[in-house]
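Subject: Structure handover

Hello,

I am passing a structure on to you, and I would be glad if you could look through it with this message beside you. My notes on what was found in it follow below.

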Amino acid sequence: MLQTDTFLAVASQLVFNACEIIREAVQHTDLHITMKSENNPVTITDIKIQTIILSYLRAVWPTIHIVGEEAIEYQGELTHSTANLLESLEMAKCFTNSSSELELNKVCVWVDPLDGTNGFCSGNLDEITVLIGLSYEGKARLGIIGVPYYRDEHHNLVYCPKIIYGDAE
């Protein structure tokens, strides 16, 4: 079974971690861009984020069905640990007002590790998000969006991750 409050807490932490990985990648400037197809780039950051999200979700729900945008997993060393996963399980208490229990075999998680890769590659960082969605019995149920950057009132780019979530129930 999957408790929606626990899923929201874990996914929120994962999205925040993904925003941190994006910030680190921007600071290092070498994005390792390759093309999946014409006008469809993928970076090492996409692949790292997706690999971390999938591994964390499977650490909590080993049999969960996940569909990720990227076809490959990162093969290098991942420096982000699962230690803060326990903190996010504690954070689940924030979502208990709307919690429900879902049968795990009817759940599918959808991951877009870096939505807006074109913007990421061209430096338009306020155009990127990290997306995790959950469907239940084939219908959209929960969504978590991470927005790592925004433009302030003076059009300066600011790193200040915002986590947005929604429940279709």
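A good place to begin is C160, which counts as partly exposed because its relative accessibility is 37%. Please keep in mind while you read that this is a predicted model.

What, then, does C160 have for a bonding partner? The closest cysteine sulfur to that of C160 belongs to C19, and at 10.0 Å it is too far for a bond, given that a disulfide calls for two cysteine sulfur atoms within 2.5 Å. As background, a disulfide is a covalent bond between the sulfur atoms of two cysteines. The structure holds zero disulfides, and C19 accordingly is in none, with the sulfur of C160 as its nearest cysteine sulfur. C19 itself is buried, because its relative accessible area is 0%.

The next element to look at is helix α1, which covers residues 4-28. With 25 residues at 1.5 Å a residue, α1 should span 36 Å, and its end C-alpha atoms are indeed 36 Å apart, so the expected span and the model agree. Of those 25 residues, 19 are buried, and α1 is therefore largely enclosed by the rest of the structure. Just after α1 comes T29, which takes a positive phi of about 65 degrees.

Further along the chain you will find strands β2 (residues 34-37) and β3 (residues 40-42), which run antiparallel and are joined by three bridges. Within this pair, S37 stands opposite N40 of β3. The two strands form a hairpin that leaves two residues between them, and N39, which lies in the turn, has a positive phi of about 60 degrees.

Two more hairpins share strand β8, so to speak, and are best read one after the other. Strand β7 (residues 129-136) pairs with strand β8 (residues 139-151) in the antiparallel sense over seven bridges, and here S135 stands opposite A140 of β8. Two residues lie between β7 and β8 in this hairpin, where E137 in the turn has a positive phi of about 55 degrees.

On its other pairing, β8 is joined to strand β9 (residues 157-167) by nine bridges, again with the strands running antiparallel, and L142 has D167 in β9 as its bridge partner. The hairpin of β8 and β9 has five residues between the strands, and H155 in its turn shows a positive phi of about 70 degrees.

Best wishes

Conventions
Residues numbered from 1 in each chain as written. Predicted model: local features only at pLDDT ≥ 70, side-chain atom pairs only at ≥ 80, totals over all residues. Heavy atoms only, no water. Pairing = 2+ DSSP bridges. Helix = DSSP H or I, 4+ residues; strand = E, 2+ residues; numbered from the N terminus. Buried < 20%, exposed > 50% of the residue type's maximum accessible area, 1.4 Å probe, protein only. Expected span 1.5 Å × (residues − 1).
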